[in-house]
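Please look over the sequence and the model below before reading on. The paragraphs that follow move from the whole chain to single residues and then to charged pairs.

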Amino acid sequence: MKKRLSYFHITRYFADALSIFLAYAATLFSLFGVIGGFFNPLFLGVSIFYWYLISAFSKLYADRRSNKFSEEIVFIIYNIILFFILISASLYFVKSTSIYNATFFGIYLGYMLLFVSATKYYLRKNIHAALHEGKLYDKILLVGSTPSAKNYYETINKYYYYGYKCAGIIDDKPTQLNGSKYFGKIDALHQVLKTEQIDEVVIALPNTEYTKIQRCIEVCDFHKTKVRILPDLQQFASSAVTVDNIGLLPTISIIELPLDKWQNKLIKRIFDIAFSLLVFLTVGIILFPLIALLIKLTSRGSVFFKQERWGLNNEKIICYKFRTMVAESKDVDHNGKYQQATKNDPRVTWIGKILRKTNLDELPQFLNVLLGNMSVVGPRPHPTPLNIESMHTVDNYMLRHIVLPGISGWAQVNGCRGETKTTNEMQQRVNFDLYYIHRWTFWLDCQIILQTIINILRGDQNAY
């Protein structure tokens, strides 16, 4: 399995070299109608060299088979930006006055994004197909039966594309996780690694078992087996955690949130304003009057739907949407319980179904962004009744209000959108929101926007 996985990793490098060659050839053909007379092998070689050099800093070739493709596209764009800076600076210093001008690079980088993205998507699908067929995976051994071990086991079983299969478990107490093989006590690790083909050992022992953890690591080192430790950091779940080093000693740092820094707030706010204006000046000019006319012609009532929701620091905000339900519909039932939109909800108009399915009903919320009470990306704001219901039943629910709410969010692009039928579903949504808050970066926002567009084009089964 290791050899097949290594083959796929090596193939990615060759695929990128081919993509750069095709991008260069396509650029020359687009500009001059021919390739041969203008083809420069030195420029192509430097391009490929710079691409690989920059990838070491941009982490382009990190294993992202378990992540969404939108994340990979973001890293491709990041790599292309750095590539352009480096190669244009090189041409400036050598005082090149040839064909390599702004027009050339505009076309060249566009083709590069197209070809690199296409080849990576093709390879990604091949890897996922091999994983699904059981032809490509890493065989792991679990050490310990803590809650972290159980969660890890359930996760790799549920999501095959992570590329792991559990060979079994060892623990001082005889145990089985949904039928997994029990190999014996922890002292049996040496014998298991000697007789079984194990690619990776995952240690999920309590933090207090330092001696046992160290012994397991020594055994794995002896057998040259990769080892991974699942730390017990649940007590720090409401804080942002990073692992640093003091000399050779690892330390856990509880740090301030990324959006606590004024620099990050400023970057996010500038992007929000620029992106919202771009939406209004492009698709908004056409879609706003068209949608408003369709709503007016197909049902009685106002074009816009205004609803009280909770924003930053639990402050009440008025959230704007295109009206998708009949004017007589109510948010709460006769028992005072909030009525979420359900599949085939009779309150939704026919044009409302289209707007909800395509997320076009959210377009007026870009006005909220310009007003400053929402962001393009962030935890989705919930109506006041739903907030009151959830704050008493969902762990860390109120922590999602420590940043501006967003039109789209990390929870939504990971499938947690629409109706939440159970407390567990709402808890999962909140967990995604907290992940976003603790790990915000500008590039994560870009990934979420890109994945939102992909979901709209592909269709979201939870959008109704």
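## From the whole chain to its salt bridges

Of the 464 residues of the protein, 44% count as buried, in what is a predicted model rather than an experimental one. The chain is built from 14 helices and eleven strands, and among the contacts between residues at least 6 apart in sequence, 70% join residues at least 24 apart. The protein exposes about 25000 Å², and carbon and sulfur atoms supply 61% of that area.

A useful place to begin at the level of single residues is E196, which is found in the loop between α6 (189-195) and β4 (200-203). E196 has a relative accessibility of 27% and therefore counts as partly exposed, since that class lies between the 20% limit for buried and the 50% limit for exposed residues. When residues up to four places away in sequence are left aside, E196 touches K139, K181 and F183. A further point of reference is A167, which is 29 residues from E196 along the chain, with 8.8 Å between the two C-alpha atoms.

Attention can now turn to charge. Side chains of opposite charge can pair when their charged atoms come close. With a side-chain nitrogen of Lys or Arg required to lie within 4 Å of a carboxyl oxygen of Asp or Glu, the count comes to twelve salt bridges.

One of these pairs is K226 with E200, whose closest N and O atoms are 3.9 Å apart. This pair links distant parts of the chain, for K226 lies in strand β5 (residues 226-229) and E200 in strand β4, 26 residues apart. The two partners differ in their surroundings: K226 is partly exposed, with a relative accessible area of 45%, whereas E200 is buried, with a value of 0%.

Within a single helix, the side chains of E218 and R215 meet in a salt bridge at 3.8 Å from N to O. Both residues lie in helix α7 (residues 210-222), where a spacing of three residues corresponds to about one turn of the helix. E218 is partly exposed, its relative accessible area being 41%.

In the salt bridge between K268 and D445, the closest N and O atoms are 2.7 Å apart. Here the pair again links distant parts of the chain, with K268 in helix α8 (residues 262-298) and D445 in helix α14 (residues 442-458), 177 residues apart, and both K268 and D445 are buried. Elsewhere, salt bridges that share partners join K321, D361, E362 and R380 into one network.

Definitions and conventions: Residues are numbered from 1 along each chain as its sequence is written. This is a predicted model: local features need pLDDT of at least 70, side-chain atom pairs count only at pLDDT 80 or more; totals for chains, interfaces and linings use all residues. Side-chain values use heavy atoms; hydrogens and water are left out. Helices (H or I, at least four residues) and strands (E, at least two) are DSSP runs, numbered from the N terminus. Buried means under 20% relative accessible area, exposed over 50%, partly exposed in between (1.4 Å probe, protein chains only). Contact means heavy atoms within 4.5 Å. Accessible areas come from the Shrake-Rupley method with a 1.4 Å probe; for residues, only the protein chains shown count as cover.
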